[in-house]
Amino acid sequence: MDRGTLPPVVALLLAVCCLRPTSLAETVHCDLQPVDAEVTYITSQVSEGCVAQVPNATVEVHILFLESSRELSELELTLQKAKQNGTRPREVLLVLGANKNTLLRLQAPGIALNLAFNPKLIFQGHPGVNTTQLPPFTTKKQFLDWAETKGPIASIAELNDPQSILLRLDQAPRAPSSCNLEPLKDMGHTLEWSPLTPASVQGCRLEGVPGHKEAHIVRVLPGTEAGPRTVTVKVELRCASGDPDAVLILQGPPYVSWLIDANHNMQIWTTGEYSFKIFPEKNIRGFVLPDTPQGLLGEARRLNASMVASFVELPLASVVSLQAHSCGGGLQTSPPPIRTTPPKESCNQELLLSLIQPKCSEDVMTVVLKKDLISTLRCTITSLTFSDPRCQAEDRDDQLVLRSAYSNCGMKVTENVVRNEVVVNLLSSSSPQWKKVHCINMDSLSLQLGLFLSPHFLQASNTIELGQQGFVQVSMSPPIPELMLQLDSCHLDLGPDADTVELIQSQTAKGSCVSLLSPGPAGDVRFSFLLRGYMVPTPTPGTLSCTVALRSRSLSPDVHRTISLRLNIVSPGLPACTDKGLVLPAVLGITFGAFLIGALLTAALWYIYSHTRPPGKREPVVAVAAPASSESSSTNHSIGSTQSTPCSTSSMA
């Protein structure tokens with residue numbers, strides 16, 4: 001029978017049956033409301049940015065524009081060292097531009113970092129980091145113009161309300177040679193960040209579906225660049241007992257695969273391929289899912305879910321973390337989101353206490369608070385003291401300064417650490433705020449800097465020759481297990497008429513002639529260096545200076561000390577007391593010149609001798625072979641035939 005002749009009722013039934021299952025989503029009634037679930041994520045997509053390759057640069061420049069909606073925020077910024085592959089370590093210039101007051105927490109281990117920032121950024125210093133205060137630039141172009149004068153730009157990124165940033169300094173393999181800003185740029189491996197505010201999570205009940213099965217839906221939107229990518233999804237459902245009756249629906253671009261780490265068993269429904277953290281090598285093929293919110297809600301209903309416990313849409317992310325409390329106990333809605341920024345009347349006490357960082361020097365502990373930061377936090381300090389209330393802070397123009405020697409103001413002095421507490425009384429709080437502070441007591445400690453001429457570190461020396469390898473050791477006496485030494489920087493000062501030779505900078509060896517060595521048995525820090533003639537053009541006395549950090553395993557901040565050692569740098573073979581002498585290139589030049597003159601003189605004498613001696617004196621050479629034995633004649637003929645003098649033919653006659 002022809003389909004066109006079917007009765008109208010049968011044709012209608014066929015049309016309904018031919019509909020795709022996901023088309024039911026268009027008829028799903030689901031009133032999405034904010035729910036009590038939290039989703040955080042890490043992404044590489046920024047509102048504007050670019051990445052470039054700068055393979056031959058000695059200084060690479062990275063620029064971050066920080067756009068914040070809060071008057072004061074905190075930012076954790078981590079720089080990850082590039083793999084050098086035997087090449088000389090680069091210096092890095094990081095330029096930060098913030099539109100609001102931002103308190104920076106920086107981690108840059110082993111990186112020779114120069115940090116430039118505008119006045120809105122609050123940075124209290126970091127060992128080995130050189131800082132530059134920029135003028136109050138108002139446009140991106142001003143930042144870019146200033147940065148371009150310092151070196152080629154490797155990356156630029158603009159981020160909205162970042163909470164943490166990871167910047168990797170490896171070269172992007174397929175990046176262009178210049179950095180041209182693009183909107184909604186995927187920074188790839190170069191930069192990842194997490195926003196300060198969690199994503200908006202919603203949920204709803206699916207009408208007409210019985211039971212208590214719940215669905216958790218995560219939709220990852222496509223980025224500007226397509227490429228294989230794995231998204232790690234961490235799911236934490238807080239259930240009173242047993243595994244919930246739940247399904248996890250993950251939808252994303254076709255090039256995305258999923259690595260799932262869940263604390264409960266549940267049904268998995270994804271696009272692409274997925275695997276589990278406990279079996280990461282076993283990939284399971286997913287399904288074709290709708291790419292619209294309504295389509296995904298319909299998919300949840302088709303899987304017999306009676307409610308959507310969480311629904312979230314995210315930019316292209318690398319890590320997604322979901323925490324939910326429902327576990328089949330019913331939909332837990334939450335009121336509309338409330339601004340997390342403190343009201344203008346309130347004081348952000350947590351950030352205020354984080355600004356209290358003691359500085360320790362010459363047996364004195366000092367705490368400094370800038371008044372403009374206190375005002376930004378909406379705080380009014382009525383008093384700032386140590387644990388002894390008689391030790392009040394001094395009001396010095398634009399800052400409050402709390403200062404005391406280790407012997408006063410209730411300091412608790414132990415063998416290695418000096419402890420106290422800072423007490424802050426606020427107008428907005430009836431109870432004082434306390435923060436514990438400490439300094440490392442240097443009275444009982446001494447630091448030694450030694451130069452050795454062998455890797456066995458047996459006998460110290462204060463003299464080194466050009467071209468000789470030196471071995472440096474920094475030790476602490478007496479050794480204290482609670483404290484460890486860390487070498488921040490070392491340089492060789494050759495006086496006002498020569499350039500300073502940088503050996504260690506930001507805990508990193510500078511150049512191929514310097515190598516960091518394994519620590520000594522007592523935790524001594526060690527490195528070696530080789531002095532070349534071009535590094536020290538003239539043998540001269542010099543000063544080796546090293547800055548070290550004494551780091552407590554349980555306390556902060558670190559204590560930094562600089563120690564020095566006078567050295568005599570001499571030419572090879574010269575006595576140690578020589579102040580002036582020939583440099584190595586001059587010695588080699590004289591030696592080669594003497595050899596060349598000797599060789600030429602010998603050749604000239606041989607030429608004169610070979611052209612001036614009498615010819616008659618050469619004839620007896622053949623005449624000696626007179627015996628008439630055949631053997632002798634044969635031998636003499638052989639000898640005579642080898643003569644190469646002009647007279648050899650007449651002599652054979």
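I will go through three places in this predicted model: a nonpolar core, a helix and a buried aspartate.

Residues are numbered from 1 along each chain as its sequence is written, and side-chain values use heavy atoms, with hydrogens and water left out. Local features need pLDDT of at least 70 and side-chain atom pairs count only at pLDDT 80 or more, whereas totals for chains, interfaces and linings use all residues.

Let me start with the largest nonpolar core, meaning buried Ala, Val, Leu, Ile, Met, Phe, Trp, Tyr and Cys residues joined through side-chain atoms within 4.5 Å, where buried is under 20% relative accessible area, exposed over 50% and partly exposed in between, with a 1.4 Å probe and protein chains only. This core has 37 residues, and Leu487, Leu503, Phe527, Phe529 and Leu550 touch the most other members. Among the strands that each supply at least two of its residues are S37 (483-493), S41 (525-530) and S42 (541-552), strands being DSSP runs (E, at least two residues) and helices likewise (H or I, at least four), numbered from the N terminus. Beyond four places in sequence, the contacts of Phe529 (heavy atoms within 4.5 Å) include Leu451, Ile464, Val472 and Leu503.

Turning to helix H3, residues 293-302, its buried residues are Gly295, Leu296, Leu297, Gly298, Glu299 and Ala300, and these pack against strands S16 (214-220), S18 (246-251), S20 (267-270) and S23 (307-314). After H3 comes Asn304, with a positive phi near 65°.

Finally, Asp186 lies in strand S13, residues 182-186, and is buried at a relative accessible area of 7%. Leaving out residues up to four places away in sequence, Asp186 touches Ser44, Gln45, Thr224, Glu225, Arg229 and Leu316.
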